[in-house]
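Today I'm opening my notebook on charged side chains. I want to look up who pairs with whom.

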Amino acid sequence: MKKTRIVSGLVSLVVIATLVGCSGDHSDLENENRTFVYTITEKPTAYLEADRLGIWFPASDFEALGLYLAPNRPIEVHVKNTNGNSQPKLLVGTYSRYKYADVPTVYELAAGCNTIVDPTGGLLYLQFVTEETPSAEAQVTVSGGSPIPSYVLGESTHEEWLHDLKTMSYEDVQFISNKTMVVVSKAAALQYKDEDQDFMLTTLDRISDAADYISGTDGSSDLHKPNVHKILLTELAEEDVDFTLAAEEYRILVPTKSLKFVMDPAFASSASWGLWHEMGHHRQALNWDWNEVDEVTVNIYSLACLYEFDGTITWLKGKEVWDVLADYFKTPIEERNFNSDKTIGGNGRLAMFRQLWIAFGDEFYIKVHQLAREDNAKTEPRIAARDLDTENQMANFMVFASQASGYNLTNFFREWGFVLPQEDYDVLAALNLPEPEIDLISLRE
């Protein structure tokens, strides 16, 4: 059986490999009659993309092959360069599939034949990335792996999916959309087999697109293009974890107890705040996401998803948070501290970001993100983005917000309790912008 797929590249190097040249003796290869051919083009590394976008978490710069490698069973991987002379890498295993700390084993591939034996086994992925300008292309032929049920948006059908689940031998399955890869167990695949898989995957793409939209990755320039890599959502089998979902480098972890957030498209498109939130963590800007608002600014993207779907959740709308803020603004301004005040909490801090959104519309955060990326892209930044401290990040946000709105927001931030040196406010004054025409503090959702 022969399949051809178009795939892209992957992740960090941890090489624990058994690599020998192809011997010509294929008698010990499992499924030796199965050959899979992949055409793969080079892409920028995950961190190179993250740095371009000015975000914390790198996405998944690797692609699923739809194959499983059994422990201690050899496969042959033949690499033929069709352009350039760099080679892809092979990953065996899935991030956080069984334990939080699980990482794939990464095998360097040489041009020509490679025979690989992995002691643990797992799903297979290819990585083809560079820190330079991507230009290479290769054809990768894999012999010996076992195919698993794989649902690809735009290619697979529900009937084919049910047939594969019934007839194939597998422990895990995968789903591929335009923006995501999903890996779950056989039990999960069977539990949700009657759902509409196209609806599920288009919903995941809409979530990703909503977060990209408010992030201003609109393709208006190379700097503002969306991330070229997908995001892996992986079922975490580890029990008794103390979170609903979690974001990490290269992936989003979905404990078995939380699969509804991903696998049930009706829920994911109406009330899956946890998934929207973790997708947001993969968009947070380095230069205005200070520690005290790390779990606050992420909900800008959650709200974007909520509004995209007209979801059933009420987060700030009609909540008592606005009453609490009324009391906060009655305290003397010199006693207010946005970062440390215990009465306003996370929702109160989110309300500040929401007031700016109410006042200036979607375009405000689109512009804030674009200004932040443009600042981050300076060839000689004053401070490297990943080393910025709270004061610098707060000062950055005040500048980006004033520039994006077209108004001097000094009084707004002072009223909210931004405790910063006068020199940071002097920068706002130097922008020579007019005062806001409305009372931003009084805005409510």
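I started with glutamate 63 and lysine 230, and both turn out to be buried. Note to self: this is a predicted model.

Next I checked whether these two are partners. Glutamate 63 makes a salt bridge with lysine 230, with 3.5 Å between the closest N and O atoms. I then looked up where they sit: glutamate 63 is in strand β5 (residues 63–69), while lysine 230 is in the loop between α4 (197–214) and β17 (231–236), so the pair ties together parts that are 167 residues apart in sequence.

Then I moved on to glutamate 308. Its salt bridge goes to arginine 206, and the closest N and O atoms are 2.9 Å apart. Glutamate 308 belongs to helix α8 (residues 294–309) and arginine 206 to helix α4, so this pair links parts that are 102 residues apart in sequence. I looked up the exposure too: glutamate 308 is partly exposed at a relative accessible area of 37%, and arginine 206 is partly exposed with 37%.

My third pair is lysine 378 with aspartate 375, a salt bridge with the closest N and O atoms 2.8 Å apart. Lysine 378 is partly exposed at 48% relative accessibility, and aspartate 375 is partly exposed at 25%.

I also found a network: Lys179, Asp209, Asp212 and Arg283 are joined by salt bridges that share partners. My count for salt bridges comes to 12.

Last, which residues gather in a patch of negative charge on the surface? I found Asp389, Glu391, Glu423 and Asp426 there. I looked up glutamate 391 and found it in helix α12 (residues 390–405), partly exposed with a relative accessible area of 31%.

Terms used: Residues are numbered from 1 along each chain as its sequence is written. This is a predicted model: local features need pLDDT of at least 70, side-chain atom pairs count only at pLDDT 80 or more; totals for chains, interfaces and linings use all residues. Side-chain values use heavy atoms; hydrogens and water are left out. Patches are made of residues with over 30% relative accessible area and no salt bridge: like charges are joined within 9 Å, nonpolar side chains (Val, Leu, Ile, Met, Phe, Trp, Tyr) within 5 Å. Accessible areas come from the Shrake-Rupley method with a 1.4 Å probe; for residues, only the protein chains shown count as cover. A salt bridge is a side-chain nitrogen of Lys or Arg within 4 Å of a carboxyl oxygen of Asp or Glu. Lys and Arg count as positive and Asp and Glu as negative; His and the chain ends are not counted. The place of a charge is taken as NZ of Lys, CZ of Arg, CG of Asp or CD of Glu. Helices (H or I, at least four residues) and strands (E, at least two) are DSSP runs, numbered from the N terminus. Buried means under 20% relative accessible area, exposed over 50%, partly exposed in between (1.4 Å probe, protein chains only).
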